[in-house]
Amino acid sequence: MSRIAMEHGATIDKFIGDAIVAFFGDPSSKGPTEDARACVRMALAMQERLEELEATWRDSGLEHPFRARMGLNTGYCNVGNFGSDTRMDYTIIGAEANMAARLESIAEPGGIVMSYETYAHARDLIDAEALEPQRFKGISREITPYRVIRTPKAETPLSSHREGDMLVVNLQGVDEDTRQAITRSVEAALKGEPRK
């Protein structure tokens with residue numbers, strides 16, 4: 001993920017547990033539009049790489065995949081050295097940085113959610129749908145988040161193992177009606193109900 005971030009021109013701020021905080025626009029910027037577009041490309045590349053790694057991890061015996069949620073926002077923040085004489089960090093602070101964290105918190109595993117400001121700069125790069133307007137802690141205005149609609153490339157939608165009783169159905173990128181229909185069909189099959 002760090003390599004992908006650097007390839008797209010991001011500045012990695014910090015690692016917080018299993019999270020990465022990265023930003024664009026400092027120490028160099030290509031302007032708000034190009035910085036936002038680079039950020040969207042970076043997020044898509046990261047999700048695609050995680051999908052590729054998932055197959056490797058499954059072959060290594062990891063049953064449950066590692067999925068990342070991502071929140072993207074465009075706005076003005078304070079960037080610089082913050083701290084004291086005993087400890088100093090080059091970091092980003094401000095409401096717009098907090099907004100990205102709030103958007104990440106509502107993303108599904110494997111998903112990307114962005115603010116309208118980011119969506120407006122990159123709408124030709126992605127398919128996205130507006131979610132219900134929301135209020136987030138620490139943010140004074142109502143926000144309409146945009147969820148990126150992705151279809152995983154590296155994973156087959158359905159797989160099974162002959163030696164075991166395992167069936168994997170990938171519902172990521174599937175609309176809600178289809179998701180519910182698949183769920184009902186699988187549940188009916190498990191109960192031994194006749195097919196409709």
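Select α2 (32-59) first in this predicted model: the helix has 28 residues and reaches 41 Å from its first C-alpha to its last, close to the 40 Å expected at 1.5 Å a residue. Move just past its end to G61, which follows α2 and has a positive phi, near 100°. Most residues other than glycine have a negative phi, and most peptide bonds are trans.

Now go back to the loop between β2 (19-23) and α2, where P27 is found. Show the backbone here, and look at the peptide bond from D26 to P27, which is cis, with omega near 10°.

With α2 still displayed, add the strands that the helix lies across, namely β3, β6 (112-114) and β8. Against β3 the helix α2 runs at about 175°. Next add α3 (95-106), which lies across β3 and β6 and runs at about 140° to β3.

Hide the helices for a moment and keep the sheet. In what order do its four strands stand? The order is β3-β6-β8-β7, in an open sheet with mixed pairing. The edge strands are β3 and β7 (128-130), each of which pairs on one side only. Neighbouring strands of this sheet are turned by 25° against each other on average, if direction is ignored.

Zoom in on β7 and β8 (residues 146-148), which pair in the antiparallel sense over three bridges. A128 can be selected here together with V148 in β8, since these two residues stand opposite each other.

Another pair of strands to select is β4 (residues 78-83) and β5, which pair in the antiparallel sense over six bridges. Between these two strands of a hairpin there are four residues. Within the hairpin, find N81, which stands opposite Y90 in β5. Strands of a sheet pair through backbone hydrogen bonds, either parallel or antiparallel.

Turn next to the empty space. Rolling a probe the size of a water molecule over the atoms shows where empty space is left. The largest pocket holds about 1,400 Å³ of space. Its lining is made of 45 residues, and to find its centre one can select V21, A22, F23, G71 and A100, the closest of them. Which elements supply at least two residues each to this lining? They are β1 (11-16), β2, α2, β3 (70-72), β5 (88-93) and α3, and the helix selected at the start, α2, gives the most, with eight residues. Coloured by class, the lining of the largest pocket shows 27 nonpolar, nine polar and nine charged residues.

The structure also holds two cavities of 30 Å³ or more. For the second largest cavity, which has a volume of about 50 Å³, select Q47, L50, E51, R67 and G110, which lie nearest its centre among the ten residues of its lining. By class, the lining of this second largest cavity has three nonpolar, three polar and four charged residues.

End the tour at α5 (residues 176-190), where the length can be checked in the viewer: at 1.5 Å a residue its 15 residues should span 21 Å, and the C-alpha atoms at its ends are 21 Å apart, so the two values agree. Just after α5, select G192, which takes a positive phi of about 80°.

Conventions. Residues are numbered from 1 along each chain as its sequence is written. This is a predicted model: local features need pLDDT of at least 70, side-chain atom pairs count only at pLDDT 80 or more; totals for chains, interfaces and linings use all residues. Side-chain values use heavy atoms; hydrogens and water are left out. On a 1 Å grid over the protein atoms alone, a cavity is a set of points where a 1.4 Å probe fits but cannot get out, and a pocket is an open set with protein on both sides within 12 Å along at least five of seven lines; lining residues have an atom within 4 Å of a point. Grid points are joined across faces, edges and corners, and a volume is the space filled by probe spheres set on the points. Ala, Val, Leu, Ile, Met, Phe, Trp, Tyr, Cys and Pro count as nonpolar, Asp, Glu, Lys and Arg as charged, and the others, Gly among them, as polar. Two strands pair if DSSP finds at least two bridges between them. Axes are lines fitted to C-alpha atoms, for helices over the stretch in contact, and angles run from 0 to 180 degrees between N-to-C directions. Contact means heavy atoms within 4.5 Å. The expected span of a helix is 1.5 Å times one less than its number of residues.
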